[in-house]
Every structure is written in structure tokens, then in C-alpha cells.
Amino acid sequence: MTDDPIKKLRIFAALPNSPWYENNLLTALAKFGEVINYTWDPDCNRNDPQWHTHSRQKMSIDIFEQVQKAHNEKPIDIFFSCLSGRLISAGIIRAITIAGIPTLNLALKDPTEFFGSLEPTGFSGSVDIAGAFTLNWTTAKEAIDKYRQVNANVIYMPPGANPDFCKFFIPSDADPTP
């Protein structure tokens, strides 16, 4: 019998480069096990005029190749991301799923940007890619029906804070009743 009966997960995380994601999501994911953090190439600038004709494809392929490499070294238990249609194609997500890796996408702006804008490669929001993910995580109740309308699996969990990062000071003389 082991001291820790809970299996540690191997998580591939494709998240934007920002302190918020690093300090909140990555540290929270690390509590579940090993995190392979994919950070996209700085040359992949989604505001670049070549984004839709070259860079988006390059980034999508790079994500898939990095997932394959990590999965071949040791199986990945879950692909966790904060991606949109502007950043990746549904086909890449389907390929990851077909490889036997469940996929979970967190969309923080889905109430207002589920569709986003129509671009040369499709909609910039989640609408074109949501159905390719095993599960979509929304933090907004009002977005649930949007996922259902495109036959995408969705789970609603309201936002929270990482208690190891977000320290709240409550004065000792504060009244705890509302």
C-alpha cells in the first residue's frame, strides 16, 4: 500500500504567456501532478499580417508535435488549454483526442466572444473548436447554451482564486457575518 493512493496526472498545458496563467492555472495544475507547459514561439504573433496564412498553422503543428513527443516519452493523461479558434484548428484538437488524450479547454471570455470575429481561418472565438474538445470549461452560466447549440460537452465551474497565490487579509476584529 502506498502513502499517496491518488494517481498523479501528467498534464500537457497550452496556455498564454502571462503571469496570471502562470501564477494561477499552472500552480494549480501542478497540484495534480507533472505539468508540461507549452509556451508558444514568440514569432507566432496573432496580430501579424501573416498569422492566418502561415503562423497559425505553424503554431498548431508545433503544439501537436510537442504533444506527440511528450506522449511518446510517457503517456499524457490530459491536454489542458486556454485556446480559441484564432489560435488553433479543430483538426489538431481532434488529432490529440484520437491519440487517446482527453482534451479540456477553458474559455474565460465565452459569454461575449464565443463567436468572436470572422477571420480567414474561421471564427476567432471558441465556436469552431468547442466540438473537437472532450470537454469545455466555462466560468459563465450564460455560455452553457452556446456550447450545447454546437453539440460540445461543457462543464460550468465559477471562477476562483489560487489560495497559495491570492492571500486575503481579514482583520482579526472583522465581523464574519454578512
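The following exchange examines a predicted model, taking its sheet, one helix and one residue in turn.

Visitor: What makes strands E2 and E8 the edges of the sheet?

Guide: The open sheet has six strands, in the order E2-E1-E3-E4-E7-E8, with parallel pairing. Strand E2 (33-38) and strand E8 (154-156) each have a single partner strand, so one side of each lacks a neighbour in the sheet. From one strand to the next, the twist averages 25°.

Visitor: How do you know that E1 and E2 pair?

Guide: Pairing requires at least two bridges between the strands. Strand E1 (residues 9-14) and E2 share six bridges in the parallel sense, and therefore they count as paired. Leu9 has Gly33 in E2 as its bridge partner.

Visitor: What makes one face of helix H1 the buried one?

Guide: Tyr21, Asn24, Leu25, Leu26 and Leu29 are the buried residues of H1. Viewed down the helix axis, they fall within an arc of 165°, so they line one face. These buried residues pack against E1, E2, E3 and strand E4 (103-107).

Visitor: Why is Thr138 called buried?

Guide: The term applies under 20% relative accessible area. Thr138 has a value of 0%, and is therefore buried.

Visitor: Where does Thr138 lie, and which residues is it in contact with?

Guide: Thr138 belongs to strand E7 (residues 135-138). Leaving aside neighbours within four places in sequence, the contacts of Thr138 include Ala107, Asp110, Tyr147, Val154, Ile155 and Tyr156.

Notes
Residues numbered from 1 in each chain as written. Predicted model: local features only at pLDDT ≥ 70, side-chain atom pairs only at ≥ 80, totals over all residues. Heavy atoms only, no water. Helix = DSSP H or I, 4+ residues; strand = E, 2+ residues; numbered from the N terminus. Buried < 20%, exposed > 50% of the residue type's maximum accessible area, 1.4 Å probe, protein only. Contact = heavy atoms within 4.5 Å. Axes fitted to C-alpha atoms, helices over the stretch in contact; angles between N-to-C directions. Arc of directions from axis to C-beta.
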